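Here's a quick briefing on a single chain, from the overall picture down to one helix and one loop residue. Have a look at the model first.

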Amino acid sequence: MQSRTSQGAEPGPTRADIESRLSVALSSVVAGARRRAVRDGDRQIDTAHLLHSLLEADPDVRAVIGDGGQVVRLLGYLVQRSIGYGLQWQGTVEDSGAVPLVTSAKETVLSPSAATAMEAAIARADLRGEPRAVGVDLMAALVADPDCRAVEVLGRAGADAKALLRRIEAAASSGVPGDGFLDP
């Protein structure tokens, strides 16, 4: 029997592969993003869903943003997603060219861009020698992709994604626990 998969093509990671590498807090963030996507009638969890859930649930990510007013503006844009802002995204796939996750047809899945961000967050944890990614790892991965919806939301709210990434990387290179934004 011949394989239907072309030579060199590997299937993407499964949901279980990714979720086994997330901290408990980050798993909760992903679950919140999944609930939001289902509630909004979206078939995929995109990077804006992940950003929304991160901002609501992770104090270290809010500390990356710094300005409380900026966090409020971001949440305001994200809340408006289903009633105006973001309607242009309905029925479209956020695609960075990544290999999508292997899932069942009925499951709400990560968009290709969101899957790439999750993999980058895990890789960032690996570089730190940690077994599990945390929220700031995912935030760094989101802001590193200039073409993702999360960066579009950040820009509309007046946040500079490149500056946020520089702050995250500077804190990480300083070796300060908790990436330097909050005490552990």
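What percentage of the 184 residues of the chain count as buried? The figure is 42%, where buried means under 20% relative accessible area, exposed over 50% and partly exposed in between, with a 1.4 Å probe and protein chains only. Keep in mind that this is a predicted model: local features need pLDDT of at least 70, side-chain atom pairs count only at pLDDT 80 or more, and totals for chains, interfaces and linings use all residues. Numbering starts from 1 along each chain as its sequence is written, and side-chain values use heavy atoms, with hydrogens and water left out.

**Overall layout**

- You'll find 9 helices and 2 strands in the chain; these are DSSP runs numbered from the N terminus, with helices being H or I of at least four residues and strands E of at least two.
- Reading from the N terminus, the order is α-α-β-α-α-α-β-α-α-α-α.
- Among contacts (heavy atoms within 4.5 Å) with a separation of 6 or more, 64% come from residues 24 or more positions apart.
- About 9,600 Å² of the chain is exposed, and carbon and sulfur atoms supply 54% of that, going by the Shrake-Rupley method with a 1.4 Å probe.

**Helix α3**

- Helix α3 covers residues 47–57, and 9 of its 11 residues are buried, so the rest of the structure largely encloses it.
- The buried set is Thr47, Ala48, His49, Leu50, Leu51, His52, Ser53, Leu54 and Leu55.
- At the N-terminal end, Asp46 acts as the cap, with a side-chain oxygen 2.9 Å from the backbone nitrogen of Ala48.

**Where α3 meets α8**

- The axes of α3 and α8 (residues 149–156) come within 6 Å and cross at roughly 60 degrees; axes are lines fitted to C-alpha atoms, for helices over the stretch in contact, and angles run from 0 to 180 degrees between N-to-C directions.
- That crossing makes α3 oblique to α8, as angles under 35 degrees count as roughly parallel, over 145 as roughly antiparallel, 65 to 115 as roughly perpendicular and the rest as oblique.
- On the α3 side, Thr47, Ala48 and Leu51 meet Arg149, Ala150, Val153 and Leu154 of α8.

**Ser23**

- Ser23 sits in the loop between α1 (15–19) and α2 (24–40), and Ser23 is buried, with a relative accessible area of 14%.
- Its side chain reaches the backbone nitrogen of Leu26 at 3.0 Å.
- Leaving aside neighbours within four places in sequence, Ser23 is in contact with Arg132, Ala133 and Val134.

Notes. Polar contact = N/O pair within 3.5 Å; in protein donor to acceptor, adjacent residues only side chain to side chain.
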